Amino acid sequence: SLTELERSKLAVWDYPVSDKYTKIWQSMQEAELPLTDEEAYARVRASPSSSEGFAFLGDATDIRYQTLINCDLQMVGEEFSRKPYALAVQQGSPLKDQLNDAILKLLNQRKLENLKEKWWNQNPLKKTCDDAEGESGGISIHNIGGVFIVVFVGIGLAIITLAVEYWYYKSKRPGSQVGSITKVNPKFDDKLEYMRRDDKGVAVVANPW
């Protein structure tokens, strides 16, 4: 049987949020748990591919740091079963207030941020790895270049079609010839009416003023 300390470490597996964690725990027991983190990383590196073999479940901060300094490891999925870090002291001990004050002082002086910057962003062991997933999963101009070609070809065909239709209907429209104009009603000075003769017949044109 496990001790209370061992059970507290495996609480998420004994009381899983869903059934998938129970299945993972069973698989871990069948594969035999590694004794150290180095052994776990070695088993991960010895896996035949990323889709088969071994995956290491550990503290998120440790995993993130290992992926920072090693290009042959990657963090998969999101974090789960988050538990905060804490400092344990004896109940009623004056160290509790002293530790709280020290932590608040470090936060106010931004020393914790400086340490994070030193060990994460400015770490000399940090590796610049090629993001294979980002290169294959993203959409670049080369992937969508054919779309622009299709759009431009469609616009060109539309302009050509419009020009052909305009020329066709313009050439098909019958021409009209204006014949002589004869004054037919000279009695009205303010409204003059004219007669227009063309090829198709006679029409009356009135002065709009």
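At 53% relative accessibility, tyrosine 169 counts as exposed, so let's start there, bearing in mind that this is a predicted model. Its neighbour in the chain, tyrosine 168, comes out as partly exposed at 40%. Tyrosine 168 and tyrosine 169 make an aromatic pair of the edge-to-face kind.

How many aromatic pairs turn up in the whole structure? The search finds three, and here are two of them:

| Pair | Centre to centre | Angle between planes |
|---|---|---|
| tyrosine 41 and phenylalanine 56 | 5.2 Å | 80° |
| tyrosine 168 and tyrosine 169 | 5.3 Å | 75° |

With its planes at 80°, the pair of tyrosine 41 and phenylalanine 56 is edge-to-face too. Tyrosine 41 belongs to helix 4 (residues 37-45), while phenylalanine 56 is in the loop between helix 4 and helix 5 (60-69), so this pair ties together parts that are 15 residues apart in sequence. Is tyrosine 41 buried or exposed? Tyrosine 41 is buried, at 9% relative accessibility, whereas phenylalanine 56 is partly exposed at 25%.

Another ring has a charge for company: the charged end of arginine 43 sits over phenylalanine 54, 4.3 Å from the ring centre.

On to the sulfurs. The count is one disulfide, joining cysteine 71 to cysteine 129 with 1.9 Å from S to S. The link is left-handed, with -85° about the S-S bond. Cysteine 71 lies in the loop between helix 5 and helix 6 (95-108), and cysteine 129 in the loop between helix 7 (111-121) and helix 8 (132-137), so the disulfide ties together parts 58 residues apart in sequence. Cysteine 71 is partly exposed at 45%, and cysteine 129 is partly exposed at 35%.

Note on methods. Residues are numbered from 1 along each chain as its sequence is written. This is a predicted model: local features need pLDDT of at least 70, side-chain atom pairs count only at pLDDT 80 or more; totals for chains, interfaces and linings use all residues. Side-chain values use heavy atoms; hydrogens and water are left out. Rings of Phe, Tyr and Trp (its six-membered ring) pair if their centres lie within 6.5 Å; planes under 30 degrees apart count as stacked, over 60 as edge-to-face and the rest as tilted. Helices (H or I, at least four residues) and strands (E, at least two) are DSSP runs, numbered from the N terminus. Buried means under 20% relative accessible area, exposed over 50%, partly exposed in between (1.4 Å probe, protein chains only). A charge sits over a ring if NZ of Lys or CZ of Arg is within 6 Å of the ring centre and within 35 degrees of the ring normal. A disulfide is a pair of cysteine sulfur atoms within 2.5 Å.
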